[in-house]
Amino acid sequence: MFRKFHPCFDVLALSVANPEGEEIMTPPDRSGRRSNVSLEERALNIRRKALRMGEIQGQGYIGQALGIADVLAATYFHALEYRPDDPEWEGRDRFLLSIGHYAIALYAALMEAGVLPEEEIETYGMDDSRMPMSGMASYTPGMEITGGSLGHGLGIAVGMAMGLRRKGNPALVYNLMSDGELGEGSTWEAVMSAVQWKLDNLICIVDFNNQQADGPTRDALAVAAEPPKWEAFGWHAQEVDGNDMDAVVAALDAARALAEPKPRVIICNTTMCKGVDFLERREITHFVRVEPDEWSKALAVLEEGKPQ
Ligand SMILES: Cc1ncc(C[n+]2csc(CCOP(=O)(O)OP(=O)(O)O)c2C)c(N)n1
Ligand SMILES: [Mg+2]
């Protein structure tokens, strides 16, 4: 069984087994996730769950979660190979959340995907919860790394991609990073390493929401996000509207189908707080302030705009 969209892995991988003797290439069980629920509906559910978690804690990085929901829906329900009931399945694609403060968004996606049970939503951010406010690998099934010290996810992804290739494992490594991380030198060391090692099993997704803690990214180091910059380093680069589902899906397909031996980046232009207009208009969206009565209002606005 060849991976449909990834023609360039080693044929030898077909016979590789993990230490338990299970064939890595056993086709994943898609039941319960690639159902007839549309990607738009998945994205809406991710937004709903994120808002609920925000309401429970009275705070959260909700602007990021609402902004990246479409990308997460396309990634988890169109692109990624994984088994919801076996998050450590050796054949899974690795999804790295370099930006630990986006954990609320990934928890929502993992719940929607059936990796985390929905009942746990009420524990978000509480003592002993498996969903702390910043993502930690040792706490949460499906959380591959402890991100949050910004600028390190891509370097870890490079190491993982090299390791998987060495083991003959055809899984892909996805790294979700932020535009703020483009200002970190360690990111660019990883960019160069990925090219040096011809890592065609690495897909980097940049959430370009034009926001950092201190203001707009375009006022800082925005040139780093442009495709020509990545292409000059030797990457295959695409730039899309990250809130346009069809565009995100097409970009993921193109990244996976590429036969050239190079890493791939998809720069996703997203809108912070997408789907809740009164929050979209807030000036400070990095840690958007939501009043206690605004959580239900935000949910109502989201429901009004839901896909028909
Ligand atoms: C190395 C490092 N420096 C600073 C921080 C503090 N910090 C947390 S989130 C953040 C904003 C960075 O911008 P971006 O990742 O684009 O965040 P967004 O506002 O889009 O969520 C900063 C500076 C950190 N976590 N790690
Ligand atoms: Mg940002």
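The following dialogue between a trainee and a mentor treats the predicted model shown above.

Mentor: Residues are numbered from 1 along each chain as its sequence is written, and chains are lettered from A and ligands numbered from 1 in the order in which they are written. Because this is a predicted model, local features need pLDDT of at least 70 and side-chain atom pairs count only at pLDDT 80 or more, while totals for chains, interfaces and linings use all residues.

Trainee: How many helices and strands does the protein chain have?

Mentor: Helices (H or I, at least four residues) and strands (E, at least two) are DSSP runs, numbered from the N terminus. From that terminus on, the elements run α-α-β-α-α-β-α-β-α-β-α-β-α-α. The secondary structure comes to 9 helices and 5 strands.

Trainee: In what order do the strands form the open sheet?

Mentor: Two strands pair if DSSP finds at least two bridges between them. Strand 1 and strand 2 pair in the parallel sense over 4 bridges, and strand 3 (residues 202-208) pairs with strand 5 in the parallel sense over 6 bridges. The 5 strands form an open sheet with parallel pairing, in the order 1-2-3-5-4.

Trainee: Which strands stand at the edges of the sheet?

Mentor: An edge strand has a single partner strand, so one side of it is left without a neighbour in the sheet. Neighbouring strands of this sheet are turned by 20 degrees against each other on average, direction ignored. The strands at the edges are strand 1 (94-97) and strand 4 (236-241).

Trainee: What angle does the direction of helix 4 make with that of strand 2?

Mentor: Axes are lines fitted to C-alpha atoms, for helices over the stretch in contact, and angles run from 0 to 180 degrees between N-to-C directions. Two residues are in contact if their C-beta atoms, placed from the backbone, lie within 7 Å. Helix 4 (residues 153-166) packs on the sheet and touches strand 1, strand 2 (173-178) and strand 3. Its direction makes with that of strand 2 an angle of about 175 degrees.

Trainee: Which residues of strand 1 are buried on its two sides?

Mentor: A residue is buried if 20 or more other C-beta atoms lie within 10 Å of its own, exposed if 12 or fewer, and partly exposed in between, with C-beta atoms placed from the backbone. In a regular strand the side chains alternate between the two faces of the sheet. Both faces of strand 1 are covered, the buried residues being Arg94 and Leu96 on one side and, on the other, Phe95 and Leu97.

Trainee: Why is helix 3 said to be largely enclosed, and against which elements do its buried residues pack?

Mentor: Helix 3 (residues 103-112) has 10 of its 10 residues buried, so it is largely enclosed by the rest of the structure. Ala103 and Glu112 are among these buried residues. The elements against which the buried residues pack are helix 1 (39-57), helix 2 and strand 1.

Trainee: Which helix gives the largest share of the largest nonpolar core?

Mentor: A nonpolar core is a set of buried Ala, Val, Leu, Ile, Met, Phe, Trp, Tyr and Cys residues joined through C-beta atoms within 7 Å. The largest one has 89 residues, and those with the most contacts inside it are Ala65, Ile104, Ala105 and Tyr107. The largest share of this core, 12 residues, comes from helix 2 (residues 62-79).

Trainee: Is aspartate 128 buried or exposed?

Mentor: Aspartate 128 lies in the loop between helix 3 and helix 4. Its phi is positive, about 70 degrees, although it is not a glycine. Because 7 other C-beta atoms lie within 10 Å, aspartate 128 is exposed.

Trainee: Is cysteine 273 buried or exposed?

Mentor: Cysteine 273 is found in the loop between strand 5 and helix 8. Its phi is near 65 degrees, a positive value in a residue other than glycine. Because 24 other C-beta atoms lie within 10 Å, cysteine 273 is buried.

Trainee: Which residues does lysine 274 touch, not counting residues up to four places away in sequence?

Mentor: Lysine 274 is placed in the loop between strand 5 (264-269) and helix 8 (277-280). Lysine 274 is buried because 23 other C-beta atoms lie within 10 Å. Not counting residues up to four places away in sequence, lysine 274 touches Leu66, Gly67, Asn243 and Glu280.
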